[in-house]
Structures are given as C-alpha cells and as structure tokens.
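Here's a walk through one protein model, written for someone who'd rather look at side chains than at statistics. Keep the viewer open while you read.

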Amino acid sequence: MGAGFARLNSLTIIQTTQGLAEYLLAKLPNTRSAGVVIGHDARHNSSKFAQLAAAVFESRDITVWWYEDLVHTPLVPYAVKVKKAAAGIMITASHNPARDNGYKVYNLHGCQIISPDDHNIASSIMQNLEPTVWNPQGSSLRKPILDTMTASYYSSIISRLDAAEAETLPVPFVYTPMHGVGLRFMASAVELASPKVIARMTVVDQQAQPNPDFPTVKYPNPEEAGALNLAMHTADQANVPLVLANDPDADRFAVAEKVDGVWHQFTGDQVGILLAYWVFSSNTSSATRDDVMLTTAVSSQMLSFVADAEGFSVHETLTGFKWLGKNTQDLQGEGKRVHFAYEEALGYMFPDVVYDKDGIAAAIVFLCACSSWGSPWAKLQELYRKYGYFVTTNTYWRSPSKQKTEAVFQRFENLDDPFPSRLCHRKVLRWRNLTTGYDSATENNIADLPKDPNSRMTTCWLEGSKLDDGVRFTVRTSGTEPKIKGERKTFGDG
C-alpha cells in the first residue's frame, strides 16, 4: 500500500473496481440483479477499500451482497456460489507482511479469475481511470449477508461429518488465528460440529484477536520458520500435543504435533495426504476412476501413488487454486466426482463447500480424522509404510526486484541447450519449463500442462540413488510475494 499508481490506495481501488464493474456489465446482462459479493479482513485499510469498492458498484445500480464485518476469505466465494452472484471481491493480502493489502476477484462460478478474464478486466480498468465515486456511504443496494451466509457455510462443513464422527470429535488442541480473523469462525464451526470440543480448545491469547501489525511474528505465514513457536509454547504450558493454525485470512491451515518430546511441523504435502486419505476412506467405499482428487505440479507425487493403489484418479494442475477450482468444475461437468484438492502451500479445498482453499473447513475435517487416528504423525508413518516414503524440502529467496528475478531464471533456464544433462551429480531424466511450454518427455516437446508466460516455473526429474528412487525439483516464482521458491520432492520405498 502507498501513494502512486503502482500501489494499493483509495484511487487505485476505485479505478480497479470501475474497470471490473464495466467489464461485468458488458459481459453479463444480469449483473445488476445478480450482484457482487464483497468482504474484507482486518488489515490496514481493508474496511475502507471494501467500502469504496461497494460504492462504485452501487453507483452503477449493481446490487452489493455485503459482509458487514470481518470475514475469512472462503466466505466470499461461498456467497458467490449460494447467491449466484456475478462476481466476488475479497480485500486481503492473506499471509503477506503487514504493509501489504490485496484485491482478490472471483468469477460467477466462485473461482478465482484466470485468463482471459484477468487480461480483459485489466484492459477495462485502463479504460475507466477517471474516478466517478469518492463517497463510500452505503445505499439500499447494499444487502447485509453475514448472518445468513455464515450459518449456511457452517452447515455445509458439518454436513461432511456424520453423527458418529461428530460425536468422537473432541481431541485437545491449541489453536492460533495468527492475529487474523479466524477465531470467530473456527470456534463457531467447532462448537457446531461437536459442542464437547470447545472445552478442549486452547487459544493462543497473544494472537487471538485481529491485529494488522502482526506483532508477535516476523511474517504472519504459518509456513515461515518460527511462526508457530508461540503456539507450541502455549501447547507445552497446557500439556497439549497438537497445534492447529490458520493464516490471517484463514484460507490456509497448518499443523504441528509433539511426538516423544519433539515438535513436528507438518508440511503442506503431509497434511494434504492425511486429509486426502481421510476423505477417500470416508467417502469412497468402492472407488473408480471417476472418483477424482486434484493437486498441483509442485506438490508431492504421493497422492498419485495412493490413487494407483486404491483405484481413484488424480489430476495435476498448474500452481494455484484458480487452476484447482477451474479444473474441478470442468471435471464435474464431465460427470466426475471430485472429492478433494490440495496444494503444498498449506491450501486444501473441499468442492462441496467452496471452490477455493479453506482453512476452517480443513481444520474441522482434520480434527474429525484425528479423533479416529489418535496421532496424525503416527498415521502419516503408517501411510508411508503402505505407499512409500515421500519427503518434501522447500526453501525460498526474497528477490529485491523483478529484474533480479528474471536474471536468476534466465541463468537457470539456460544452463545448457535445451537443458543440462546432469544436476547435483544426478542424471536429468526430464525437463519441463511451463513459462515456455517445453517438456522433454513428450513426443512433440509440448508441456503436458498449459504454459504461462507471465510466471516462471521449471521442473526437472532426476535419477535415483542408493538412498532414494528419484528427485523432482522445481524452481518457481511466488504468486503473491517477491519470492523465488525452490521445492524438492524425494521418494522411495524406505
């Protein structure tokens, strides 16, 4: 956030919303009656930005389905789906640093926008730069929906649990919303799932209430080293071995468990596999290839191994829930039964609730699974013994500029022509560059996933060694922060 056309501020929020409004009016004849859903989190200026966006739509006689208080991000696409709205907007920067904010757009299907909508909206913004509204006051077109939508949303989550599962839900755990909006929604969902469990839920007091400065953490991202330290300390004081966490807008979900005196923070791949296995074992007594789960090109290959063994299908997409949501809807249109989707960056999607990652739904399902398993860490080891061992090692580097990022990728992508024969003393078996669409493993060298010239992602498959059966290594840019990410996936039979 800041002054200027390259920062989020009142002017750029108005310009962006004007462009989106005009695009929707031109594309969807029923935009005015269908309306637009608007929500916001607790970050600096989130409420003001949401008010300004609403005023722009109202000035064009477009109904605004309005969340009149703080909400977690999944409630916006949920309301788009229920209300059959023309679009949804969430003002949030998710787990980014305190100085950031963002403007997240969902299409009429409740999915994050992708091309060509994103490019067309950008073009419409540039054609509507002169601000026409400065007054953020509401009108009769602004319809409050918080109570009705949250009640419906909780019902959608609880309907995933049968009565027996809900009855066994109470497992002691420590919860942190990491200075975000999650506590209200987590507590309500837990109490509705099983009133007994509220007494066994310990909240990290120092992080319980929304605070846009995130004073107890360097970065409000559960993936960051040290982000769960305070929650683990609280758990130690309460003698509780399980920690659950959401990021500030509660669309991501993280887990840590203390086993034999040592805290283990689960990777997104590990939580994803545990949730996927629970969903499979709970819902698919006789799975067929029409039963589908989804994951992304940077997530573990373990889900595919489980699917091969158990008879269901796995589809891989580009990174990001805009692709997981879109591909889910496409598969459902083909008559497939899509049960679950996840990405290693702590995102988990239940399509019968919302077509986006949902940290509250993931937490409730995970608690339900834990009530059956006991220790999630022990269950994970059991799955490793059954399907093979898969290890994820992630790191990142903060980039000082776009130019530096481009230089790093130019050097990596041009190690040899068309790609290096060896990396890290291992033979390169396959090289895929989704920026250019090149794939060495296909007959025509066209990648098996869509190319995206606006992002950087290269994956290479390396031969196995005495210690493993192979490595898949990916270097990519982050979709939300100035980061270069490195992700290594190693697998073997133990």
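What follows goes from the cores to the helix packing, then to the rings and a few backbone oddities. Bear in mind that this is a predicted model.

**The cores**

Let's start inside. The largest nonpolar core has 92 residues, and the members that touch the most others are Tyr67, Phe173, Met186 and Leu244. Helix α13, residues 359–373, gives this core its largest share, with 12 residues. There's also a second core, separate from that one, with 32 residues; Leu8, Leu52, Ala87 and Ile121 are among them. As background, nonpolar side chains in soluble globular proteins tend to be buried together.

Tyr67 is a good residue to click on. Leaving aside residues up to four places away in sequence, Tyr67 touches Val37, Ile38, Gly39 and His40, then Leu75, Val76 and Ala79, and also Ile145, Leu146 and Met149.

**Two buried residues up close**

Now pick Tyr78, which sits in helix α4, residues 75–83. Is Tyr78 buried or exposed? Its relative accessible area is 3%, and the cut-off for buried is under 20%, so Tyr78 counts as buried. Beyond its sequence neighbours up to four places away, Tyr78 is in contact with Met149, Ser152, Tyr153, Ser156, Val353 and Val354. Measure from C-alpha to C-alpha in your viewer and you should find Tyr78 and Gly88 9.4 Å apart, with their positions 10 residues apart in sequence.

Leu228 is a loop residue, placed between β7 (201–203) and α9 (229–238). Being in a loop doesn't put Leu228 on the outside here: its relative accessible area is 1%, and it is buried. With residues up to four places away in sequence not counted, Leu228 touches Thr176, Met178, Pro222, Ala245, Ala254, Ala256 and Gln265. Leu228 and Val243 are 15 residues apart in sequence, yet their C-alpha atoms are 8.4 Å apart in space.

**How the helices pack**

Two packed helices are described by the angle between their axes and the distance between the axes. Here are three pairs to look at.

| Helix pair | Axis distance | Crossing angle |
|---|---|---|
| α8 and α13 | within 10 Å | roughly 35° |
| α1 and α3 | within 9 Å | roughly 35° |
| α1 and α5 | 7 Å | about 115° |

The crossing of α8 with α13 is right-handed. On the α8 side, the contact uses Gly182, Phe185, Met186, Ala189, Val190 and Ala193, while α13 brings Ile360, Ala363, Ile364 and Leu367.

Helix α1, residues 10–27, appears in the table with two partners. With α3, the crossing is right-handed. Ser10, Ile13, Ile14, Thr17, Gln18, Leu20, Ala21 and Leu24 of α1 meet Lys48, Phe49, Leu52, Ala53, Val56 and Phe57 of α3. With α5, α1 again makes a right-handed crossing. There, Gln15, Thr16, Gly19, Leu20, Glu22, Tyr23 and Lys27 of α1 meet Asp117, Asn120, Ile121, Ser124 and Ile125 of α5.

**Rings and charges**

How many aromatic pairs does the structure hold? There are 15. Ring pairs join Phe253, Trp278, Phe340, Tyr342, Tyr348, Phe350, Phe366 and Trp373 into a cluster, so colour those up together.

Two arginines are worth a look as well. Arg398 lies over the face of Tyr219, 4.1 Å from the ring centre. Arg430 has its charged end over the ring of Trp461, at 4.1 Å from the centre.

**Backbone oddities**

Where's the cis bond? The peptide bond running from Ser115 to Pro116 is cis, and its omega is near 10°. Pro116 belongs to the loop between β4 (103–106) and α5 (117–126).

Two asparagines have a positive phi. For Asn45, phi is near 75°, and the residue lies in the loop between β1 (36–40) and α3 (46–59). Asn45 has a relative accessible area of 35%, so it's partly exposed. For Asn445, phi is near 60°, and the loop in question runs between β18 (438–439) and β19 (457–462). Asn445 is also partly exposed, at 31% relative accessibility.

How values were computed. Residues are numbered from 1 along each chain as its sequence is written. This is a predicted model: local features need pLDDT of at least 70, side-chain atom pairs count only at pLDDT 80 or more; totals for chains, interfaces and linings use all residues. Side-chain values use heavy atoms; hydrogens and water are left out. A nonpolar core is a set of buried Ala, Val, Leu, Ile, Met, Phe, Trp, Tyr and Cys residues joined through side-chain atoms within 4.5 Å. Buried means under 20% relative accessible area, exposed over 50%, partly exposed in between (1.4 Å probe, protein chains only). Helices (H or I, at least four residues) and strands (E, at least two) are DSSP runs, numbered from the N terminus. Contact means heavy atoms within 4.5 Å. Rings of Phe, Tyr and Trp (its six-membered ring) pair if their centres lie within 6.5 Å; planes under 30 degrees apart count as stacked, over 60 as edge-to-face and the rest as tilted. A charge sits over a ring if NZ of Lys or CZ of Arg is within 6 Å of the ring centre and within 35 degrees of the ring normal. Axes are lines fitted to C-alpha atoms, for helices over the stretch in contact, and angles run from 0 to 180 degrees between N-to-C directions. A crossing is left-handed if the near helix is turned anticlockwise from the far one by less than a right angle, and right-handed if clockwise.
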